[in-house]
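Student: Could we go through this structure together, one question at a time?
Tutor: Gladly! Have a look at it here, and then we can begin.

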Amino acid sequence: QGLERRAAAGDYVDVGDFLRDLVRKEQERSHRLEWLREQIAEGAASGIVQGEPEDLIEEIIAARRARHG
């Protein structure tokens, strides 16, 4: 009865539609969380940058310009 009430309150066709939407949202959340964990691990593995961040940004921009003209 609780699921039926929640399904009706969320404009779902039926409980199955409601549950499919819950599963889809959970999968999306799981994928975003996994991506974030990968980004954190990549950042941690890359080490600490020496020098000023602005200088590093200028180096990256200059290298990109050199590659792409």
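Tutor: One definition before we start: the radius of gyration is taken over C-alpha atoms, and the globule rule is 2.2 Å times the number of residues to the power 0.38. Keep in mind that this is a predicted model.

Student: What radius of gyration does the chain have, set against a compact globule of 69 residues?
Tutor: Along its principal axes, the C-alpha trace spans about 60 × 30 × 15 Å. A compact globule of 69 residues would come out near 11 Å, whereas the radius of gyration of this chain is 23 Å.

Student: Which pattern does the chain follow along the sequence?
Tutor: Start with the element count: the chain has three helices and zero strands. Read along the sequence, that gives α-α-α.

Student: What percentage of the residues of the chain count as buried?
Tutor: Buried here means under 20% relative accessible area. The chain exposes about 6300 Å², with carbon and sulfur atoms supplying 55% of that area. Of the 69 residues, the share that counts as buried is 4%.

Student: How far apart are the mean positions of the positive and negative charges?
Tutor: The chain carries 11 positive and 15 negative charges. Comparing the mean position of each set gives a separation of 5 Å.

Student: Is Glu59 buried or exposed?
Tutor: Glu59 sits in helix H3, which covers residues 53-68. Together with Glu52, Glu54, Asp55 and Glu58, Glu59 forms a negative surface patch. The cut-off for exposed is over 50%; because its relative accessibility is 54%, Glu59 counts as exposed.

Note on methods:
Residues numbered from 1 in each chain as written. Predicted model: local features only at pLDDT ≥ 70, side-chain atom pairs only at ≥ 80, totals over all residues. Heavy atoms only, no water. Helix = DSSP H or I, 4+ residues; strand = E, 2+ residues; numbered from the N terminus. Buried < 20%, exposed > 50% of the residue type's maximum accessible area, 1.4 Å probe, protein only. Areas by Shrake-Rupley, 256 points an atom, 1.4 Å probe, with all protein chains shown as cover. Lys, Arg positive; Asp, Glu negative; His and termini not counted. Charge placed at Lys NZ, Arg CZ, Asp CG, Glu CD. Patch = residues over 30% accessible without salt bridge, like charges linked within 9 Å, V, L, I, M, F, W, Y side chains within 5 Å. Salt bridge = Lys/Arg side-chain N within 4 Å of Asp/Glu carboxyl O.
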